Amino acid sequence: KALEYDLRQALLKDELELHYQPLIDLEAQKVSAVEALLRWRHPSRGLVSPGEFIPLAEETGMIISIGEWVLRTACQQALSWPGLRVAVNLSPVQFRHRELVDTVKQVLEDTGLEPGRLELEITESVLINDTEAALDILSALKGIGVHIAMDDFGTGYSSLGYLNSFPFDKIKIDKSFVTTLEDKVKSLAIVRSVIGLSESLSMTTTAEGVETMEQAMLLLGEGCKQVQGYFFGRPVPALEMTAFLGNWQ
Ligand code: G
Ligand code: G
Ligand code: MN
Ligand code: NA
């Protein structure tokens, strides 16, 4: 309850901030996108991770206003990084909110960010209940011109039917497969088949949670196009990301 009270104040008191983590294209060896990751700078608890407050924000409905703030802030920030795409995580609650499509349109219009430079990350959980409705929302979003990525792939139901029915641009292989890539034969087999599958369906694959050079080399060898993880860069505040981008080029 105390946390809930504090969270209600967080937006007003300007305590939320976005950190950004680079997504690297292995072949071109360049940063092609950044993922926005929400942080809450709590006055006494310090930096609170979204794992702790997103569920609360979802239960209370606060995720709608917080989510819109995230979208707006990320799109605005992306303007200072020409050529880069910005990825924003959508909560299933936000995804189901009737105003989502209008909100996305409005934010793009207000900020002037080209729709193709925004990538929305959703998880499989948004697809399982009302598949028809989810398909309509995804098609409307695609209609605006934004990219859609399936996040944490392999941790949910991972129905191949979803990949057939929905217009995803990208699959993000969950970090649990990447972490165990070197010592679990099965992880390598799964990663390999997801890369093959997404290639044949004309989707990009991003491997998440890459922490070592060995993992990066393995993924490159498997034909993985894009990687993300602490080995390449941790999530950092916007100013640090700007410096990071300057050093990389
Ligand atoms: O960055 P970190 O590993 O702490 O993120 C933890 C979880 O919070 C991840 O599952 C991530 O997708 C989620 N998350 C981070 N930022 C946002 C956000 O802006 N909106 C939503 N809905 N989830 C987020
Ligand atoms: O659920 P989602 O994939 O959006 O969340 C990504 C989360 O993974 C973020 O909280 C981010 O901080 C975290 N993350 C990013 N790179 C790495 C990594 O290399 N290792 C680990 N353990 N976590 C990572
Ligand atoms: Mn994500
Ligand atoms: Na993920």
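How many bridges join strand 1 to strand 2, and in which sense do these strands run? The views below take that up in a predicted model.

**View 1. Strand 1 (residues 16-25) against strand 2 (30-42)**. The two strands run antiparallel, joined by 10 bridges. For one cross-strand pair to zoom in on, take Pro 22, which stands opposite Val 34 in strand 2. Together the strands make a hairpin with 4 residues between them. Look in that turn for Gln 29, whose phi is positive at about 50°.

**View 2. Other partners of strand 1**. Strand 10 (residues 236-237) is joined to strand 1 by 2 bridges, again antiparallel. Here Tyr 20 has Val 236 as its bridge partner. Strand 9 (residues 226-227) also pairs with strand 1 in the antiparallel sense, over 2 bridges. In this case Asp 25 is partnered by Gln 226.

**View 3. The shell around ligand 1**. Helix 2 (50-60) and strand 2 each put at least two residues into this shell, and helix 2 gives the most, with 3. Among the residues around the ligand are Leu 37, Leu 38, Pro 50, Gly 51, Ile 54 and Asn 89. Sorted by class, you get 6 nonpolar, 4 polar and no charged residues.

**View 4. The shell around ligand 2**. This one has 14 residues, and the closest are Gly 209, Glu 211, Gly 229, Tyr 230 and Pro 235. The class split is 4 nonpolar, 4 polar and 6 charged, whereas the ligand 1 shell has no charged residues. Keep an eye on Pro 235: it's on the list for ligand 1 and among the closest residues to ligand 2.

Terms used: Residues are numbered from 1 along each chain as its sequence is written. Chains are lettered from A and ligands numbered from 1 in the order in which they are written. This is a predicted model: local features need pLDDT of at least 70, side-chain atom pairs count only at pLDDT 80 or more; totals for chains, interfaces and linings use all residues. A residue is near a molecule or strand if its C-beta atom, placed from the backbone, lies within 6 Å of it. Ala, Val, Leu, Ile, Met, Phe, Trp, Tyr, Cys and Pro count as nonpolar, Asp, Glu, Lys and Arg as charged, and the others, Gly among them, as polar. Two strands pair if DSSP finds at least two bridges between them.
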